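Biologist: Could you take me slowly through one part of this model, the place where the two chains meet? I would like to follow it from a single pair of residues outward.

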Amino acid sequence: MLSVFLEVLRRDLLLAWRNRADVLVTLAFFTIVACLFPFGVGSESNQLRAIAPGVLWVAALLATLLSLHRIFAQDHSDGVLEQLLLSPEPAVLWALAKILAHWLTTALPLILAAPALALLFDMEQSATAVLILSLALGTPILSLLGAVGAALTLGLRGGGMLLALLVLPLFVPILIFGAGAVDAHLSGTGAAAHLLLLGGGSLGALALAPWACTAALRIAVE
Amino acid sequence: MLEVTDLACLRGDRMLFADVSLTVASGELVRIAGPNGVGKTSLLRLLCGLAVPEHGVVRWKGERIERSRDAFHREVLYLGHAAALNDLLTPHENLRFAAATHGHPTEAARCDAALARIGLEAQRDLPAKVLSQGQRRRVGLARLYLSEDVPLWILDEPFTALDVDAVKDLAAWLDAHCARGGAVVMTTHQDVPFATPLRVFDLAESAC
């Protein structure tokens, strides 16, 4: 049973490596969006420090959104998805493997790049650490919920736009708690509550999203 | 083995066919016939459980297929229109992945043998995007050479884009599968010389 999970994970990571330009484009998008804000709002460092967590979180969210269609679109168009749905192994396993591969190839590079961008906004070191932690705990929710949205909009005309309309509102709480964690840390109340909520949200999404995802995929291939 | 009763298929708001009843016993080779657009592919997708019928039941060994999906999927091999290949992976990688996700983890040597059997030895390590249409088809069909122990084969136009020798070879392999006690349900518009008596099921008679 586990072999299906590992096999799909291995294949998706291999594909991401062969198609690494896609991964780099997402990362470049994240960097550029984050870099645009100082030009827009001016270079006053207090102001930059104040908006940094929110800006980096919004940029991460948009970068994830851009990459969501990649999870299933290719497999849908070349028929691999049908074959996966005909697998005798539980569909949630390979769906989870695909979501994990997406997280590893999109969210993880963003998390690793975030400290460098935090420097750009002159964030304090402890605040950067909290930001990284909040991204690490919150981005799995983006991948999990996003995969459900991607599965629901699979094969639709204008699916990309619809996907954005569908999942962006769902991402609002994650944005609030993610960016809020850094503010809470800076104001001295401590970020624990926010981070725990993000972690809890991740676990909740982990428990539910793969099932919703496979149900949506079955509808999509019908 | 496979029993279909009163099957009806709705596509959009148009009824494609209704009252389709069909039994496939082991050792049988069944060809679903009918003009384009009559719903042959839709029927095959219903048979393997990829789509849900509007009405009617598909039973495998007496069990409804949606009740025992995993057990059924272990015993069925469906090859559709699309070859289910990823362009960035080699035929070998594609084949191994397909076999592994269907619960037949296969050692590399066996995949190589299947690829050699279907005439793709030289293309083993090329990305699938450089293959011709017929070669892509062959990569999909190579799974047949790894699936002797899967009893039911459902094949959608397996002979398209193949050259004459390959068609002959594949027909012989399907015959061998039926002789082993397996069953094949397929669609094709080509005249293929089978040794097994071919049962033709005309879907046009059930069209709405």
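Modeller: Keeping in mind that this is a predicted model, we can begin with one pair of residues, A:E82 and B:R45, whose side chains meet in a salt bridge with a distance of 2.3 Å from N to O. Two salt bridges are found by the rule across the interface of chain B and chain A, and nine residue pairs, both members at pLDDT 80 or more, are in polar contact there. On the side of chain B that touches chain A, the elements giving two or more residues are α2 (69–74), β6 (76–79) and α3 of chain B. The residues on that side of chain B divide into 14 nonpolar, six polar and six charged.

Turning from single pairs to the interface as a whole, 26 residues of chain B are in contact with 24 residues of chain A. Between them the two chains, B and A, bury about 2,500 Å², and 57% of this lies on carbon and sulfur atoms. Three residues, B:L50, B:L88 and B:F97, supply 23% of the area that chain B buries against chain A, which is more than any other three residues supply.

One of the elements named above, α3 (91–101) of chain B, also belongs to what covers the buried residues of α4 in chain B. Those buried residues of helix α4, which spans residues 108–117 of chain B, are B:C111, B:A114 and B:L115. Seen down the axis of α4(B), they fall within an arc of 100°, so they line one face of the helix.

Terms used: Residues numbered from 1 in each chain as written. Chains lettered and ligands numbered in written order. Predicted model: local features only at pLDDT ≥ 70, side-chain atom pairs only at ≥ 80, totals over all residues. Heavy atoms only, no water. Buried < 20%, exposed > 50% of the residue type's maximum accessible area, 1.4 Å probe, protein only. Helix = DSSP H or I, 4+ residues; strand = E, 2+ residues; numbered from the N terminus. Arc of directions from axis to C-beta. Contact = heavy atoms within 4.5 Å. Buried area = accessible area lost by both parts, 1.4 Å probe. Salt bridge = Lys/Arg side-chain N within 4 Å of Asp/Glu carboxyl O. Polar contact = N/O pair within 3.5 Å; in protein donor to acceptor, adjacent residues only side chain to side chain. Nonpolar A, V, L, I, M, F, W, Y, C, P; charged D, E, K, R; others polar.
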